[in-house]
Amino acid sequence: MDVTLIGQSLVSGLGIGCVYGLIGIGFCVIYNASGIVNFAQGAFVMLGGMITHVLLVRGELPYGLAILLAVLAVALLGVVIERVVVRPLWNRNAPMFVMILATLAAQIVIERLTYLAVDDQPKTLPVFTDLPPVMVRGIAVNMQALWIVAGSLAIVGLLALFFRTTRTGKAMRACAINREAAALQGIPVHSMLALAFALSAGLGAIAGIMLTPTQYTAFDVGVPFAISGFIAAIIGGFGRPFGAFLGGLMLGVVQAVAILFFGAGLKTVVALSILLLFLFVRPSGILGLAK
Amino acid sequence: MTSSPSTILRKAFPVPAQPAPRGRLAAVAPWLVAACIVGYALVAGGYPATVVGFALIYAVFVSGLNIFMGLTAQVSFGQSAFAAIGGYASAILTTQHEWGWLPAMVAGLAAALAAALAIGYPTLRLKGHYLSMATLAIGLIVHEIAVEWESVTLGYLGISGVPPIDIAGYEVSSDRAVLIMLSACVVATALAVARIRSSRLGRAFAGIAGSEDAARALGINVARYKLVSFLLAAAFASLSGSLFVHVVGYVSPEVFSLHMVILSFTMLYVGGIGTVAGPVIGALVVSVLPETFRSFRDYQDLAYGAALILLLIYAPRGLAGLFAALDTRRKP
C-alpha cells in the first residue's frame, strides 16, 4: 500500500472526524443538561447544509450571511423541538425509551418536511475558499479540510471558554453535575435545557455546513451522521464533550483507513464494528464516564 | 410505559375466584374489530385483501416488537434488520438454491437469531440508549449490505419470483387463501404472546419493565431476560419477513427501511403497547386508514411520525387503553 495514499486518507479522516466530534459534543451537551439522548441530532446536521443551500441558491444571499442565518434557524429549531416534543414528555415523567422514540420520530418528521419543502436531490455548497490544495510531502490537503479542522478547533476552544468562564456556562455544568442542587441554587434548569438544545443544534448545523462542500447533503443524510456522532461520544466516554471530540477524530481516521482497505460501501459497517468493540471491551470510553 | 407494567402484573397475578365483567368488553372489542376488518377483506377480495394481508404480516412483526418494548420496556430501532434477514434468506434460498419454503424460513430464523445475539449480548448489559443506537445502526447496516452485496441480493433490483408457500401440496396463492393463512399466523402469534405474558418468563419481563434494580434484587437475571426478550422479538420479525416475501413474491432493500420501523412503532402505540390485542388492532387500523384517502401517500411518513409524537405525549396507552376507559365508564 502506497504511503501517500494512507497519508491522504488520514487527512480526509481527520476532517470528517472533526465533524463527528462536533456532533458528538452536541449529544453530550443535551445529555448533560437533561439525561436525554437526542436521536434528532442528525436532522440538525442535514438542515445546516440544506438551509444554507436554499438561502444561497434560491434566496441569492451572500455565503456568509446564508451560513449565519442557517445556524440561527437550526438553533431556533432546537428550541422548538425542546418545547414541542421533549418538554411535554419531560413534564409527564415519560420513561427514557419513550423520549428516545419521540426524538427519532421528530427526526423523521423533519426529514419528511425537508423532502416536501425542497426535494430529494443531493445538494452541495461551494467551498469556502477556492484555492488549490496545499501539498505536504506529496499529500494533497484541500482547503475545505483545513477549514473544517481549523473551524472545529476554534469552536471547541470557544466552548471550553464558555463552560469555564461565563455564568451561563458554569450554570450548565452545575446542571450536569446535579440538577436538583442546581435548581436549589436558583439556576433556571428548564431554560438550561432549552439552551442546551439550541447550542447542540447550532453545533450540528455548523458541522453540516462545513462538511457539505466536500460531500453532499440530502433530506436523508441525518441518521448515519447521528450514529457516527453517537459512536464518537461513546468512544470519548458518554457525557464528556471533549472526549467526544477526540472520539470523533479516532472514528474518522479509523473509518478512512478502513475505506481504503474494504471500500466505501461498508462505511457504516466499520463504524458499527468500532461501536461494538468499545461496548464489549470498554463501554465507559477512553476517558471513562463523566460524573 | 408507566401504565403497562401494572396492567401486566394484574394479569400475571389474578385475584382468585373473582370474575371480572368489567374487563370483558376491553378484552373482546379489539378482537371483534379485527375480525370485522379481516372478514370484510375476505368477502371483498382484490385490493382490500392485499391491504389487510400486509396489515396481518405487520401484526406478527409488531407483536414481536411488543414483547421487547411493551412487556420488557426496552427499545429497539433495528427490528427491520431481522425482518430483512428472514426475508432475504427465504428469497435467496428458495429462488437460487431450490430449498423448500420451510427449511429456508428456519435458516432465516437461525441467521436472525445469531445476529440478534451478536448485537444484543454486548449492548443489553448497558443503559438503554446504547442498545437503541446499536439497533438503529444494525438496521442501516443490513440495508447497506442488501444494497451492496449485489451478487447475492441483486442490490436495488431486488429478488423477484419467490414461490408462494405450499401446504401439503396446496399452493397458498389466491387472495383468500393467503388471508386465511396469515390470519392463522396472527392468531398463533397472539396466543404465543399471551402465553409468554402470563408465564414465568412474562413475569420476569414485567419485573424488568417495572424496575431493573428491583427485579435484580428479586433474583431476576436482568441481562439474560432482556436478551431472551430481544431474541423473541427478532424471531417474530424474521418470520414476518419470510411471510412477506412469500406472499408478495418479491423483495428489495426498500422493503425493510427506517420507514418500516417508524410505521411499526406507530402501529404499536395506536393499538396499545403492552397488550396482546394492541399490535394486531394497531396494524390493521394504521394500514387501513390511509387507504381511505388516497392523496395521503406523499405525507405518510410525516403523518406517522407526527402521530407517534402526539400519541406518546397525549395517549400513551393507545386504542386498547381507549376500550378499557370506555369499559370503566360504563360500569363504574
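Q: Is A:Arg83 buried, partly exposed or exposed?
A: Relative accessible area settles this, with values between 20% and 50% counting as partly exposed. In this predicted model, A:Arg83 has a relative accessible area of 46%, so A:Arg83 is partly exposed.

Q: Which residue forms a salt bridge with A:Arg83, and how far apart are the closest N and O atoms?
A: The general idea is that side chains of opposite charge can pair when their charged atoms come close. Here the partner is A:Glu82, with the closest N and O atoms 3.4 Å apart. A:Glu82 has a relative accessible area of 0%, so this residue is buried.

Q: Where is A:Glu82 found, and what does A:Glu82 touch?
A: A:Glu82 belongs to helix α3 (residues 63–91) of chain A. Leaving aside residues up to four places away in sequence, A:Glu82 touches A:Arg87, A:Pro88, A:His190, A:Leu193, A:Ala194 and A:Phe197. Sequence distance and spatial distance can also be read side by side: A:Glu82 and A:Asn38 are 44 residues apart in sequence, with 9.9 Å between their C-alpha atoms.

Q: How many salt bridges are there over all chains?
A: The count is 5 over all chains. Among them is the pair A:Lys123 and A:Asp119, at 2.7 Å from N to O. A:Lys123 is buried at 8% relative accessible area, while A:Asp119 is partly exposed at 26%.

Q: Which parts of chain B does the salt bridge of B:Lys226 and B:Glu212 tie together?
A: The way to read such a pair is to place each partner in its element. The side chains of B:Lys226 and B:Glu212 meet at 3.3 Å, N to O. B:Lys226 lies in helix α11 (residues 222–248) of chain B and B:Glu212 in helix α10 (residues 212–217) of chain B, so the pair ties together parts 14 residues apart in sequence. B:Lys226 is buried, with a relative accessible area of 3%, and B:Glu212 is partly exposed, with 27%.

Q: Which residues do salt bridges that share partners join into one network?
A: A:Glu82, A:Arg83 and A:Arg87 are joined in this way.

Q: How many salt bridges cross the interface of chain B and chain A?
A: An interface can be read through its contacts, its area and its polar pairs. The rule finds 0 salt bridges across this interface, and there is 1 residue pair in polar contact between the two chains. The contacts involve 43 residues of chain B and 44 residues of chain A. About 3,800 Å² is buried between the chains, with carbon and sulfur atoms giving 82% of that area. In chain B, the residues that lose the most area to chain A are B:His129, B:Tyr130 and B:Met133, together 18% of what that side buries.

Q: Which elements give two or more residues to the side of chain B that touches chain A?
A: They are α5 (101–123), α6 (128–148), α12 (258–271) and α14 (300–314) of chain B. The largest share, 13 residues, comes from α6(B).

Q: What do the buried residues of helix α10 of chain A pack against?
A: Start with the helix itself, then look at its neighbours. Helix α10 (residues 241–262) of chain A has 22 residues and reaches 31 Å from first C-alpha to last, close to the expected 32 Å. Its buried residues include A:Phe245, A:Leu251 and A:Gln255. The buried residues pack against α1 (3–34), α5 (143–165), α9 (222–235) and α11 (267–281) of chain A. Just after the helix, A:Gly263 takes a positive phi of about 95°.

Conventions
Residues are numbered from 1 along each chain as its sequence is written. Chains are lettered from A and ligands numbered from 1 in the order in which they are written. This is a predicted model: local features need pLDDT of at least 70, side-chain atom pairs count only at pLDDT 80 or more; totals for chains, interfaces and linings use all residues. Side-chain values use heavy atoms; hydrogens and water are left out. Helices (H or I, at least four residues) and strands (E, at least two) are DSSP runs, numbered from the N terminus. The expected span of a helix is 1.5 Å times one less than its number of residues. Buried means under 20% relative accessible area, exposed over 50%, partly exposed in between (1.4 Å probe, protein chains only). Contact means heavy atoms within 4.5 Å. Buried area is the accessible area (1.4 Å probe) that two parts lose on being put together, summed over both. A salt bridge is a side-chain nitrogen of Lys or Arg within 4 Å of a carboxyl oxygen of Asp or Glu. A polar contact is a pair of N or O atoms within 3.5 Å; within protein, one must be able to donate a hydrogen and the other to accept it, and residues adjacent in sequence count only if both atoms are side-chain atoms.
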